[in-house]
Amino acid sequence: MVKHYYPADKDVLEDTELQAWIEDIFTNGFLGRQESGIPGTFLTVQELTKFLTMVIFTCSVQHSAVNSGQFDYCSWMPNAPPP
């Protein structure tokens, strides 16, 4: 799907909204820390694809894997009393 909208690396570089989006994530979300591993700009289609894959995985599969067991544990009040 990404290659459909960005057939070449230059298309990624020329998309100002995409570049502004990743710059905002890098600057405000990760405070411009290089050691975070988050890119400040997208240079290639492959780099964009990798980042989008990571975001989709984290927001779907990983979130579900980490949080699905909480209801089973926390639904019994003595396991998780309110503060």
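**Aromatic cluster.** I began with the rings of this predicted model and found that W21, F42 and F51 form one aromatic cluster. The structure holds 3 aromatic pairs, and I looked up two of them in detail. For W21 and F42 I noted a centre-to-centre distance of 6.5 Å and an angle of 40° between the planes, so I entered this pair as tilted. W21 belongs to helix α3 while F42 sits in the loop between α3 and α4, so the pair ties together parts of the chain that are 21 residues apart in sequence. I then checked how open each partner is: W21 is partly exposed, with a relative accessible area of 37%, whereas F42 is buried at 0%.

For W21 and F51 I recorded an edge-to-face pair, with 5.8 Å from centre to centre and 80° between the planes. This pair also links distant parts of the chain, since W21 is in helix α3 and F51 is in helix α4, 30 residues apart. F51 has a relative accessibility of 6% and therefore counts as buried, the cut-off being under 20%.

**Nonpolar core.** Which residues make up the largest nonpolar core? I listed 11 of them, namely V2, Y6, V12, L18, I22, F26, I38, F42, V45, L48 and F51. The elements that contribute two or more residues to this core are α3 and α4. I set beside this the general remark that in soluble globular proteins nonpolar side chains tend to be buried together.

I followed one core member further and asked what I38 touches, leaving aside residues up to four places away in sequence. Its contacts on that count are I22, I25, F26, F30, F51 and M54.

**Helix α4.** Next I looked at helix α4, which runs over residues 45-67 and has 23 residues. From its first C-alpha to its last the helix reaches 32 Å, close to the 33 Å expected at 1.5 Å a residue. I nevertheless noted a bend of about 40° in α4, located at T58. V45, L48 and F51 are buried in this helix, and what covers the buried residues of α4 includes α1 (2-5), α2 (9-14) and α3 (16-29).

**Two residues of α3.** Is Q19, which I found in helix α3, buried or exposed? At 13% relative accessibility it counts as buried, because the value falls under 20%. Not counting residues up to four places away in sequence, Q19 touches V12, L13, T41 and F42, and F42 is the ring that I had already entered as part of the aromatic cluster with W21 and F51.

D24 also has its place in helix α3, but there I read a relative accessibility of 43%, so D24 counts as partly exposed. I also took the separation of D24 from H4, which lies 20 residues away along the chain, and found their C-alpha atoms 24 Å apart.

**Whole range and record.** Last, I checked the record: the UniProt annotation "domain: Lipoxygenase", from an unreviewed entry, covers residues 1-83. Over residues 1-83 I noted 63% helix and 0% strand, with the end C-alpha atoms 46 Å apart.

How values were computed. Residues are numbered from 1 along each chain as its sequence is written. This is a predicted model: local features need pLDDT of at least 70, side-chain atom pairs count only at pLDDT 80 or more; totals for chains, interfaces and linings use all residues. Side-chain values use heavy atoms; hydrogens and water are left out. Helices (H or I, at least four residues) and strands (E, at least two) are DSSP runs, numbered from the N terminus. The expected span of a helix is 1.5 Å times one less than its number of residues. The bend at a residue is the angle between axes fitted to the seven residues ending there and the seven starting there. Buried means under 20% relative accessible area, exposed over 50%, partly exposed in between (1.4 Å probe, protein chains only). Contact means heavy atoms within 4.5 Å. Rings of Phe, Tyr and Trp (its six-membered ring) pair if their centres lie within 6.5 Å; planes under 30 degrees apart count as stacked, over 60 as edge-to-face and the rest as tilted. UniProt positions are given in the numbering used here, feature names are shortened, and annotations may be inferred rather than shown by experiment. A nonpolar core is a set of buried Ala, Val, Leu, Ile, Met, Phe, Trp, Tyr and Cys residues joined through side-chain atoms within 4.5 Å.
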